[in-house]
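New to this one? Take a moment to turn the structure around on your screen, and then read on.

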Amino acid sequence: MNPEKDFAPLTPNIVRALNDKLYEKRKVAALEIEKLVREFVAQNNTVQIKHVIQTLSQEFALSQHPHSRKGGLIGLAACSIALGKDSGLYLKELIEPVLTCFNDADSRLRYYACEALYNIVKVARGAVLPHFNVLFDGLSKLAADPDPNVKSGSELLDRLLKDIVTESNKFDLVGFIPLLRERIYSNNQYARQFIISWILVLESVPDINLLDYLPEILDGLFQILGDNGKEIRKMCEVVLGEFLKETKKNPSSVKFAEMANILVIHCQTTDDLIQLTAMCWLREFIQLAGRVMLPYSSGILTAVLPCLAYDDRKRNIKEVANVCNQSLMKLVTPEDDEPNEPRPAVQKQAGPNPEDCAEKQEGPASGGPDGSCDSSFSNGLSVFTPANAERAPVTLHLDGIVQVLNCHLSDTAIGMMTRIAVLKWLYHLYIKTPRKMSRHTDSLFPVLLQTLSDESDEVILKDLEVLAEIASSPAGQTDDPGPLDGPDLRVSHSELQAPTPSRAGLLNTPGTKSLECSPSTPTMNSYFYKFMINLLKRFSSERKLLEVRGAFIIRQLCLLLHAESIFHSMADILLREEDLTFASTMVHTLNTILLTSTELFQLRNQLKDLKTPESRNLFCCLYRSWCHNPVTTVSLCFLTQNYRHAYDLIQKFGDLEVTVDFLTEVDKLVQLIECPIFTYLRLQLLDVKSNPYLIKALYGLLMLLPQSSAFQLLSHRLQCVPNPELLQTEDGLKAAPKSQKADSPSIDYAELLQHFERVQKKHLEVRHQRSGRGDHLDRRVVL
């Protein structure tokens, strides 16, 4: 500093003392400056006051010499004290050089700067609020200062400033929020602690409504919640808890839509505390905002669904996620569907019918730019944000939701509970919005079919419910069933009509309509037949699925859909099956289900008497496919009480290739005859005269069996037949007694027998071809 330079009105003694290295001398100089400024204030000499402040600022506080800077700081503090209430007129000139010293490399000088600013703020009080942002910015830097004395001094200044803000009603919150939003992303734990403490103060001030600006800082608060320091995490929990309480008290003033994305992102973090807190917020948002949250459904599902598969270690998160999922599902109502002309009600054994829906328009997917279920939402919080979401009428867009559900269902690594939740969502959407969902069925159908191979029975049950709803929904009614998957089972709609009387001669009753084993059943839509074809194709390609879960799947479908339609369609498809081995196995499975499942009690009663044209049509349809397996064909005749035809069939067995598998099936049939299903058949053995062909058919089975346990079982049963002499029948028997059940006259049994012979001839040819290629194990029995 130039000693000859004029610093008037500061005297040379004051200048010399301000530049001294001793604090005591600088303090004496400060007292002299205070006295001098008081005189100027008394004289109202603003020019000299400004000159003194400018001199202290430019020549001392901003000097290159450290002692001069220290003198300038204490001198500026003395000016503020002397100015008193008038210091507000000169705050800009007083504060700026002091804040510049906050960045000084010398920790002692930074401490003196804190001390000087403390004195300036203490005198000015509320007058400093227009300069709050620069003060806050400076303090936020000092909060992370490595020097403990500087940090201590900044804390004193911080408390003073908080007191001023608390007692004032002139705080400029709008101007402060951008700075808060910027500083809240600091990674320094002391800076974070400083930010959190200020948010707590502002939240406690009645005149400051920080809730309006919560979308600006919510993301930063969740970032701080992940801090390594327990104290900071605890403070942040308190802040978020206070904001959530305010949200519950004043939901009408909360900008739910602007914060939905933030919560979705943090619900997917790996930090348990952040995830649980964000999930709790999301739960409250869904319950408080209601349908306002619907446009964000795809994002919410992306965050919530994986949590449903958590184990007990994350039970709290799982429970909250489950509430979120259920609450969001309840927001979807029939009014979200598109309008359409009413269709005839669908007859189904389980599941409600969709209601008529209010007019809505399907739009582009919300929930993501591509509607995907990718959980990485980095560098963008506007992923799911619609314009004016809270004001405009809320429209449910399914594209994004369905894509997320499809993505999770396709992921084989996803947990069982998540897969169940996805299927529940799909079922709910098909019930509530069938017309909107119908356009997504083509994309969902392959995944739903694949899910039938899941390891969990509960997943398969839910999957079957969805598939049954698709197959029976009125929204799926189309004239064209659409392309069918797989070359093996690619059959056109016209080809699936059953043979007419002119071709097959099955029904001879005048006026009776031709047998229809195709998707002409009025209770089902085009997807029903497609489902049956693809289900059989999956059984064909995955024999283990058929063996382990085949009966379970078909039985459940019989509960969910019309059992007669299922057997009708499967029988027709198997009639055209080229893989005869699979056809025989599948027929055996269907026959076992038909004979033993409690779910098919009504269907068995319908077939037992063949009193109606519909029952006779069903019998003929089943019979033609059942011919793939000779023993199942006989059992079908037993079920329908066609005993004479059963006897004729057994007579043809002599021309068949008797294998171990064949004898095993005869053995199983004998066991079935002893089951409750065939109680009526065993009782008919008491009436020998009325049922001669039943007894002859059973003796025929007995003659087929080797000396085995089944042979002994059937032999003992036949020994119980009374008056065996009456087994003889006369060829010229004119008429059967009234109690005798004759074969139905409307069925051409001769044609059926010819069909049986043709099918068995095909099977024999295929076996011989395989034997010739050396890939068939000859399992014939040498008698």
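What follows is a walk through the model, from the overall picture down to single residues.

**The big picture**

This is a predicted model, so a word on confidence belongs up front. The pLDDT averages 83 over the protein, and 82% of the residues score at least 70. Two stretches deserve some caution. Across residues 342-391 the pLDDT is below 50, although this stretch has 130 contacts in the model beyond near neighbours in sequence. Across residues 479-522 the pLDDT is also below 50, with 78 contacts counted in that way. Where pLDDT is low, the predicted coordinates should not be read in detail.

As for the fold, you'll find 35 helices and 0 strands in the protein. Of its 783 residues, 52% count as buried. Take the contacts between residues at least 6 apart in sequence, and 74% of them join residues at least 24 apart. The accessible surface comes to about 36000 Å², and 50% of that belongs to carbon and sulfur atoms.

**Inside the core**

In soluble globular proteins, nonpolar side chains tend to be buried together. Here, the largest nonpolar core has 245 residues. Leu 221, Phe 531 and Phe 638 are the ones with the most contacts inside it.

What does Leu 221 touch, once neighbours within four places in sequence are left aside? The list is Ile 184, Ile 196, Ile 199, Leu 214, Cys 236, Val 239, Leu 240 and Phe 243.

Ile 460 is another residue to look up, and it sits in helix H21 (residues 457-472). Its relative accessibility is 0%, so Ile 460 counts as buried. Not counting residues up to four places away in sequence, Ile 460 touches Thr 451, Leu 452, Asp 454, Arg 549, Phe 552 and Ile 553. Ile 460 and Leu 449 are 11 residues apart in sequence, with their C-alpha atoms 9.8 Å apart in space.

**One helix, followed along its length**

Helix H31 covers residues 660-673, which makes 14 residues. From its first C-alpha to its last, H31 reaches 20 Å, close to the 20 Å expected at 1.5 Å a residue. Its buried residues are Phe 662, Leu 663, Glu 665, Val 666, Leu 669, Val 670, Leu 672 and Ile 673. And what do those buried residues pack against? Helices H26 (580-596), H29 (630-639), H32 (679-684), H33 (692-704) and H34 (709-719) are the partners.

**Two residues with a positive phi**

Arg 125 has a positive phi of about 55 degrees although it is not a glycine. You'll find Arg 125 in the loop between helix H6 (107-124) and helix H7 (132-142). Gln 641 also has a positive phi without being a glycine, at about 65 degrees, and Gln 641 lies in the loop between H29 and helix H30 (643-652).

Buried or exposed: how does Gln 641 count? At 6% relative accessibility, Gln 641 counts as buried. Arg 125, on the other hand, is partly exposed, with a relative accessible area of 29%.

**Salt bridges**

The structure holds 33 salt bridges. Here are some of them, with the distance between the closest N and O atoms.

| Residue | Partner | Closest N and O atoms |
|---|---|---|
| Arg 38 | Glu 34 | 2.7 Å |
| Asp 337 | Arg 435 | 3.7 Å |
| Glu 338 | Arg 439 | 2.7 Å |

Arg 38 and Glu 34 are 4 residues apart in helix H2 (residues 23-43), so about one helical turn separates them. Arg 38 counts as partly exposed at 41% relative accessibility, while Glu 34 counts as buried at 16%.

Asp 337 forms its salt bridge with Arg 435 across a long stretch of sequence. Asp 337 is in the loop between helix H16 (315-330) and helix H17 (398-410), and Arg 435 is in helix H19 (residues 434-438), so the pair ties together parts that are 98 residues apart in sequence. Both Asp 337 and Arg 435 are buried.

Glu 338 and Arg 439 form a salt bridge too. This pair links distant parts of the chain, 101 residues apart: Glu 338 is in the loop between H16 and H17, and Arg 439 is in the loop between H19 and helix H20 (441-451). Glu 338 is buried, with a relative accessible area of 15%, whereas Arg 439 counts as partly exposed at 45% relative accessibility.

Finally, Asp 137, Lys 141, Glu 182 and Arg 183 are joined into one network by salt bridges that share partners.

Key. Residues are numbered from 1 along each chain as its sequence is written. This is a predicted model: local features need pLDDT of at least 70, side-chain atom pairs count only at pLDDT 80 or more; totals for chains, interfaces and linings use all residues. Side-chain values use heavy atoms; hydrogens and water are left out. A nonpolar core is a set of buried Ala, Val, Leu, Ile, Met, Phe, Trp, Tyr and Cys residues joined through side-chain atoms within 4.5 Å. Buried means under 20% relative accessible area, exposed over 50%, partly exposed in between (1.4 Å probe, protein chains only). Contact means heavy atoms within 4.5 Å. Accessible areas come from the Shrake-Rupley method with a 1.4 Å probe; for residues, only the protein chains shown count as cover. The expected span of a helix is 1.5 Å times one less than its number of residues. pLDDT is the predictor's confidence in each residue, from 0 to 100. A salt bridge is a side-chain nitrogen of Lys or Arg within 4 Å of a carboxyl oxygen of Asp or Glu.
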